[in-house]
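I opened this one up to see what I could look up by myself. Here are my notes, in the order I made them.

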Amino acid sequence: MRTVLIWENLDRPRDIVVDPIGGFMYWTDWGANPKIERAGMDAWNRTVIISSNLTWPNGLAIDYSTERLYWADASVKTIEYGNFDGSGRQVLIGSQLPHPFGLTLHEDRIYWTDWQSKSIQSADKLTGLDRKTLAENLENLMDIHMFHNHRTKVQTGCLVNNGGCSHLCLLAPAPKSWSCACPTGINLQADGKTCAHGLMTTDGLAVDSVGRKIYWTDTGTNRIEVANLNGSMRKVLVWQNLDSPRAIALYHEMGYMYWTDWGEHAKLERSSMDGSDRVVLINNNLGWPNGLAVDKAGSQLLWADAHTERIEASDLNGSNRRTLVSPVQHPYGLTVLGSHMYWTDWQSRSIHRADKNTGENAIIIRSSLPGLMDIQAVDRTASAGLNKCGRRNGGCSHLCLPRLNGTSCACPTGVLLKADGRSCEDLPETYLLFSNRVSVRRISLDTHDHTDVFVPVAELQNVISLDYDSVERKLYYTDVSLDVIRRVNLDGSDMETVISSGLKTTDGLAVDWVARNMYWTDTGRNTIEVAHLDGTSRKVLVNNSLDEPRAIAVFPSKGFLFWTDWGHIAKIERAFLDGTDRKVLINTDLGWPNGLTLDYDTRRIFWVDAHLDRIESSDLNGKLRQILISPVSHPFALTQQERWIYWTDWQTKSIQRVDKHTGRSKETVLANVEGLMDIIVVSPQRQSGTNHCAANNGGCTHLCLARSNSFICACPDEADSRPCSTIAGHVPASPEKDTTGTQTPRKQATEKPHQGLSLVNCTEMNLSLEDCFQNSVISAPRDESPHISYVIGGALSILAILILIAAFIIYRHKKFKFADPGVSNLTYSNPSYRTSTQEVKIETAQKPAINSQLRYKKEVQGVVDGGYTKEKIRIVEGVCLLSGEDLYWEDLRQLKACRGSGLHNCMRTETVSLQASSASLNDGETEQLLQEGDHQSECSSISTTAHHNTHPDTGWRHQRKTSTESQV
């Protein structure tokens with residue numbers, strides 16, 4: 001976030017010091033008119049405070065205690081001081097100073113470096129006496145600074161929320177105290193706090209004064225764009241086959257724009273001013289085509305080439321090419337006025353003129369101009385011309401752009417033109433949202449240019465995680481510098497801080513758009529929490545066995561919550577949305593599982609692993625695991641839309657995508673983006689489905705948390721003013737009493753949640769109030785003596801725990817004594833914004849005896865009712881047969897209507913993609929399945945009893961059911 005503060009009337013600026021207390025900065029200038037100047041630290045109110053009796057003012061130093069400014073002059077060989085406004089000037093040391101350069105102060109001493117004596121010396125800062133030499137014979141001495149811990153701490157407006165600035169907060173003298181600023185090339189918006197974004201290297205600029213538009217080339221993004229003169233309605237016109245576009249020129253009357261490209265294959269191109277009808281005019285014998293000008297009177301193009309060192313001309317179609325001036329040293333800008341052409345030259349630092357038709361009579365107009373860039377001529381006597389879009393904006397709702405035989409209507413970047421060809425949609429229908437710490441940007445997927453547009457969200461310091469609520473159309477995000485969770489409209493309005501306390505490092509965020517809740521991971525507190533979308537009813541769901549929880553995702557219609565943990569033992573876990581039924585889905589072959597997303601259509605989990613450099617997927621139970629693409633550089637976050645998986649990559653600084661089925665068709669969506677973090681997709685199809693909490697919050701007073709086929713009502717950790725009940729539809733008489741009549745203590749936010757909560761379980765078959773039942777855990781009274789069986793049970797439990805601990809210690813000792821090739825111990829950390837130096841342990845699963853896969857190879861030949869292909873139904877049937885999971889049987893029941901009696905036919909081996917290590921079949925049964933794929937017969941009875949003793953532990957348990965063919 002570098003910005004230029006002062007660039008005018010500077011000759012030879014040398015030293016600079018700042019006074020954060022007063023908000024001023026001071027600098028010396030030893031140019032032709034030596035002086036010492038002062039301005040606010042935001043460059044406001046610049047003033048020359050000393051300009052007499054100065055020659056080579058070098059070092060500067062501030063004495064905050066006496067409010068004095070000290071400086072050294074190497075020509076008059078003095079060290080002087082004065083007040084902050086330049087008054088009270090006194091000579092401190094005026095003799096025996098051969099060539100003072102650097103200067104600093106500490107307590108009652110002043111220190112300086114001397115070029116000629118090659119020494120560091122000091123003296124009393126008030127009298128100049130008691131001079132001492134601290135070091136001698138030091139070559140190439142330059143500056144000197146004193147660092148200590150006693151500097152005054154200054155409370156400034158920039159310390160609180162960065163002063164409300166989106167980018168730079170700069171101190172200033174009273175009464176301003178501070179002001180906001182933007183990086184160079186980016187403008188501050190009207191609110192005085194937010195920066196307008198999106199420019200990288202804007203080389204060329206052209207103004208359509210008739211149509212009131214501005215056109216520019218951007219070498220950093222390789223785009224040509226247009227906008228209104230006030231910067232509104234910005235649109236990308238050309239984005240393909242551009243290498244390094246530089247100069248641009250317009251011919252409004254003809255509806256043409258011309259530009260040069262000095263990339264690997266230099267060329268000169270033309271298109272209509274709406275970007276259509278693009279054609280290459282010249283692409284040979286070009287090097288660095290810099291300046292470009294249209295001679296309307298002479299109907300010719302002129303350009304300057306700094307590599308071939310000549311200025312050339314052609315007609316408006318690129319024909320009749322000829323050289324006007326050669327050689328020229330290093331021409332850059334070029335313009336035409338009357339019968340002459342003018343150009344700037346970097347090497348000679350001068351402005352030249354010559355005849356525009358012959359190149360003769362070349363003269364130098366002005367010389368000794370360092371830093372010369374572009375040049376433009378203005379003819380005030382020339383008529384403005386006819387505005388083709390002048391009448392009612394050409395009938396367009398947004399942009400009206402000239403072309404050869406008329407005009408065309410256009411929309412801002414990413415927005416589609418409606419069928420009428422004149423009006424625009426309000427917003428893209430489908431788009432990506434991504435964060436890069438200090439900004440949130442949008443990429444429309446409705447258009448093909450994939451241009452990023454900044455979302456005007458203010459006060460961003462370190463944005464990590466994003467999610468979107470399609471119901472209220474609000475963006476939710478976490479800021480780990482401010483330790484807050486906020487929500488805002490996409491136009492930047494109605495910003496709210498929904499969670500402002502009790503956060504340390506909120507890595508992941510997920511919105512349950514059905515139950516109107518949000519979930520987040522806090523790797524600083526090692527918790528997973530839930531709250532209403534407005535931040536109320538906050539509750540800790542998981543606070544044990546978490547090491548470094550990061551990404552989080554919800555599946556509201558299934559009642560599932562998924563998250564990644566890249567701690568000591570990396571894993572991916574799943575639980576119900578109330579935190580119960582927690583299971584480890586995957587804990588082998590994981591390094592740094594950063595991003596996590598769900599494909600709600602195919603019901604699969606996708607995640608990125610930044611250590612193993614790959615993207616993987618599995619089903620919702622952690623089975624059918626597949627590597628989608630490997631290697632990838634350093635993926636952080638990912639999302640899914642239709643056939644694509646999109647992800648952010650730290651190392652390549654890009655957003656990329658790949659086909660979610662094959663891992664092929666890899667494309668770079670956006671490049672050259674620093675600090676990429678989270679990425680999500682916003683689509684009408686993305687947030688669909690429902691659950692029992694959709695209607696009237698499930699009848700719950702506070703939190704309604706969905707499960708697979710039911711829901712529970714839960715209370716927040718900190719009681720609020722409303723009575724809370726865990727029974728749907730029931731409101732207790734007093735907020736201090738529960739349904740059993742016992743006193744309920746108020747929980748504090750820092751306390752751990754009860755493990756035995758009173759929760760209501762309402763199944764989908766019994767949703768009425770009378771059918772909802774409460775599972776209460778009632779503690780015994782304090783004065784009741786414990787039963788003897790409890791004592792015996794407790795003693796046995798303690799003994800068992802001690803035995804397990806001893807076994808674990810012996811196992812660890814052996815493991816570290818003998819190198820285990822299946823374990824990789826990494827001592828470097830996941831290079832994230834919150835670095836952890838702890839050891840990462842990657843468990844490698846043992847391969848089963850038969851390391852075969854049943855592969856899905858058959859082409860899709862038809863679609864049955866309900867949108868399911870025959871092959872997909874066979875896949876579901878096969879998964880049901882192999883896993884015995886209730887969730888798959890539920891899916892199979894949903895397909896039964898469209899399949900009919902065909903469910904009797906078992907799956908074919910060539911139509912299923914399963915891993916033999918699914919812990920469902922033994923070796924003999926797997927061989928039997930593989931053999932059956934060689935003929936057309938129906939499958940025989942297959943036992944699906946789990947064989948846990950021959951397969952690695954996956955970290956979760958399920959009661960397997962024996963499934964026979966007749967049951968299927």
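My entries below go from strands to rings to a bit of surface.

**Entry 1: what I'm looking at.** Note to self: this is a predicted model.

**Entry 2: strand β46.** I started with β46, residues 571-576, and asked whether its residues are buried or exposed. The strand is mostly covered, with 6 of its 6 residues buried.

Next I checked its neighbours. On one side I found β45 (residues 560-565), which pairs with β46 in the antiparallel sense over 6 bridges. The two are joined as a hairpin through 5 residues. I looked up one bridge by name: Phe-560 has Phe-576 of β46 as its partner.

Then I tried β47 (residues 583-586). β46 pairs with β47 too, again antiparallel, over 3 bridges. Here Glu-573 stands opposite Val-584 of β47. This is also a hairpin, with 6 residues between the strands, and Gly-579 in the turn has a positive phi of about 90 degrees.

**Entry 3: charges over rings.** While I had Phe-560 on screen, I asked which charged end sits over its ring. It's the one of Arg-574, 4.2 Å from the ring centre. I found another case elsewhere: the charged end of Arg-270 sits over the ring of Tyr-256, at 4.3 Å from the centre.

**Entry 4: aromatic pairs.** How many aromatic pairs does a search of the whole structure find? The search gives 11. I picked Phe-24 and Tyr-26: their ring centres are 6.4 Å apart and their planes are at 50 degrees, so I wrote this pair down as tilted. Phe-24 has a relative accessible area of 15%, so it counts as buried. Tyr-26 is buried as well, because its value is 0%.

Tyr-26 also pairs with Phe-84, and that pair is tilted too, at 5.6 Å centre to centre with 45 degrees between the planes. I checked where the partners sit: Tyr-26 is in strand β2 (residues 24-29), while Phe-84 is in the loop between β7 (78-83) and β8 (90-93). They are 58 residues apart, so I noted that the pair links distant parts of the chain. Phe-84 is buried, just like Tyr-26. Together, Phe-24, Tyr-26 and Phe-84 make one aromatic cluster.

**Entry 5: out to the surface.** Last stop was a nonpolar surface patch of about 400 Å², made by Ile-792, Leu-796, Leu-799 and Ile-803. I looked closer at Leu-796, which is in helix α1 (residues 788-817). Why does Leu-796 count as exposed? Because its relative accessibility is 54%, and the cut-off for exposed is over 50%.

How values were computed:
Residues are numbered from 1 along each chain as its sequence is written. This is a predicted model: local features need pLDDT of at least 70, side-chain atom pairs count only at pLDDT 80 or more; totals for chains, interfaces and linings use all residues. Side-chain values use heavy atoms; hydrogens and water are left out. Patches are made of residues with over 30% relative accessible area and no salt bridge: like charges are joined within 9 Å, nonpolar side chains (Val, Leu, Ile, Met, Phe, Trp, Tyr) within 5 Å. Accessible areas come from the Shrake-Rupley method with a 1.4 Å probe; for residues, only the protein chains shown count as cover. A salt bridge is a side-chain nitrogen of Lys or Arg within 4 Å of a carboxyl oxygen of Asp or Glu. Helices (H or I, at least four residues) and strands (E, at least two) are DSSP runs, numbered from the N terminus. Buried means under 20% relative accessible area, exposed over 50%, partly exposed in between (1.4 Å probe, protein chains only). Two strands pair if DSSP finds at least two bridges between them. Rings of Phe, Tyr and Trp (its six-membered ring) pair if their centres lie within 6.5 Å; planes under 30 degrees apart count as stacked, over 60 as edge-to-face and the rest as tilted. A charge sits over a ring if NZ of Lys or CZ of Arg is within 6 Å of the ring centre and within 35 degrees of the ring normal.
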